[in-house]
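Work through these short exercises with the structure in view. Try each task before you read its solution.

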Number of protein chains: 2
Amino acid sequence: MLPMNTATPQTRYHIAEIGSLLSDPARAAILLALMDGTIRPAGELARMAGIAPSTASAHLRKLTDGELLAVIDQGRHRYYRLANDRVAQMIENLSVAGIGAPASNPWRGDPVMLRARTCYNHLAGALGVAVFEKIRAADGFALSGEAVHLSEAGSRRLKQVGLLDNDDAVDGIPGRTCVDWTERRFHLGGKLGAWLTTRLFEREWLRRRTSTRALTATTVGRNGFSALGLEWDRL
Amino acid sequence: MLPMNTATPQTRYHIAEIGSLLSDPARAAILLALMDGTIRPAGELARMAGIAPSTASAHLRKLTDGELLAVIDQGRHRYYRLANDRVAQMIENLSVAGIGAPASNPWRGDPVMLRARTCYNHLAGALGVAVFEKIRAADGFALSGEAVHLSEAGSRRLKQVGLLDNDDAVDGIPGRTCVDWTERRFHLGGKLGAWLTTRLFEREWLRRRTSTRALTATTVGRNGFSALGLEWDRL
DNA sequence: GCAACGTTTCGTCGAATGTTGAAACATTGG
DNA sequence: CCAATGTTTCAACATTCGACGAAACGTTGC
């Protein structure tokens, strides 16, 4: 046997391992079902993937062993979730490249998804990117590498538009920059991103569309974003 | 059977299909071998992956059918290459998330790779991002979406530092913004990125390290980058 | 305790996939 | 035209992997 490429000794197995986890439609369905950041029990995931509970159990075991999923024990239920937002990002990226007509890609075609959607547990799409940019433009973020923290100015800005109260403690919440695959720019991820997104739901700025990751802005939200310098209708 | 998730009808199969292609170590090795943008004949890829030519042929067929690879017929040789830089990017992204200790990720640990490397056929890493930023800061790019073209000012800047000649016709070459996974910023991809990178090799600013995608700057290159406002040693 | 419920384990079946050598096909160069 | 070289096809084999039902395991609530 002639000498082979030794430059990437373990990476190939690493890639193959992740590929194996993604190579099954049932597992893909499970991952996609959790892409909105929800936490779901095994039986429900089985139903959503269209397979028997026992089959799902095997798949879930593989996915957790592979550290793509994490599990939360709660009595006779076992709730599964994506291990972290990197996994979500990876999956979002995956379906963009490669096979088939670009039309088969939901993010290429669906303007509703392009405008505003959740990526794992935080805001993505044109709106996600725009919000990130507006806050950053106001020096609202302390950035170092991919780490993000809300600055003094950022807190002030959020209070101005009514998204932050005086007794909220968000200074310490760590965020991360997250690449928005449709916009090819950054949006806010990490715990800070999740917090802000939760707040947008609480304050009723945004509402989830049924059975999609797409989001719509309420009238309150439109006004709020407008106060941030963003016009929903122009996104 | 209870109702299942109909929100993503075909995406799951799409993901599973790409996952299947990545799920084999031999195929992963083939893809990794082409990650530096090289074009290689089937036999060589077989050798690099450590498999028989007949086996490699089967894998290559799958990869081309899946549009992850493209093939260039040239006499009795068939040269394979990555289908496009999206595929390269997807693979680079893949190995970041998921299984195993982060230490097993080459881009996390290797400072040489972090500083300058090729992504498919163009420049990436800290240098790639910095070059993109410097040219952009000088209004050197016409940006629209992910499309990039070199502007008047950009041509002028490149001529100043000796990377562009008067008889070069680069106005029409289409570039694309490409997300740099280690830096979490943009660098220049597409045909324009490939052109610039080729030019950097031609002018001997950069040299490939043996058997890696990592790059080193020559003395000429250091001076050149310095003229662009970049200090190689500070990257 | 006991019944109901959710989840996992186990055994088995069938389909899909990777592997190879030998043979066929294609191209080049004498 | 023929030999050498590179690539693909073919047939056969071994292995892996997903699917399911039945049974075991664990938890909750009466």
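**Exercise 1.** Is B:Trp205 buried or exposed?

*Solution.* This is a predicted model. Start with the cut-off: buried means under 20% relative accessible area. B:Trp205 has 4% relative accessibility, so B:Trp205 counts as buried.

Now take B:Phe225. Its relative accessibility is 1%, so B:Phe225 is buried as well.

**Exercise 2.** Classify the ring pair of A:Trp205 and A:Phe225, and say where each residue lies.

*Solution.* Step one: find the count. There are four aromatic pairs over all chains.

Step two: check the geometry. The ring centres of A:Trp205 and A:Phe225 are 5.1 Å apart, and the planes stand at 90°. Planes over 60 degrees apart count as edge-to-face, so this pair is edge-to-face.

Step three: locate the partners. A:Trp205 sits in the loop between α10 (190-202) and β10 (206-208) of chain A, and A:Phe225 in helix α11 (residues 219-227) of chain A. The pair therefore ties together parts that are 20 residues apart in sequence.

Step four: check burial. A:Trp205 is buried at 4% relative accessible area. A:Phe225 is buried at 2%.

**Exercise 3.** Why do A:Cys178 and A:Cys119 form no bond?

*Solution.* Recall the cut-off: a disulfide needs two cysteine sulfur atoms within 2.5 Å. The closest cysteine sulfur to that of A:Cys178 is in A:Cys119, 4.2 Å away, so the gap is too far for a bond.

Repeat for chain B. The sulfur of B:Cys119 has its closest cysteine sulfur in B:Cys178, at 4.2 Å, again too far. The count over all chains is zero disulfides.

How values were computed: Residues numbered from 1 in each chain as written. Chains lettered and ligands numbered in written order. Predicted model: local features only at pLDDT ≥ 70, side-chain atom pairs only at ≥ 80, totals over all residues. Heavy atoms only, no water. Phe/Tyr/Trp six-rings, centres within 6.5 Å; stacked < 30°, edge-to-face > 60°. Helix = DSSP H or I, 4+ residues; strand = E, 2+ residues; numbered from the N terminus. Buried < 20%, exposed > 50% of the residue type's maximum accessible area, 1.4 Å probe, protein only.
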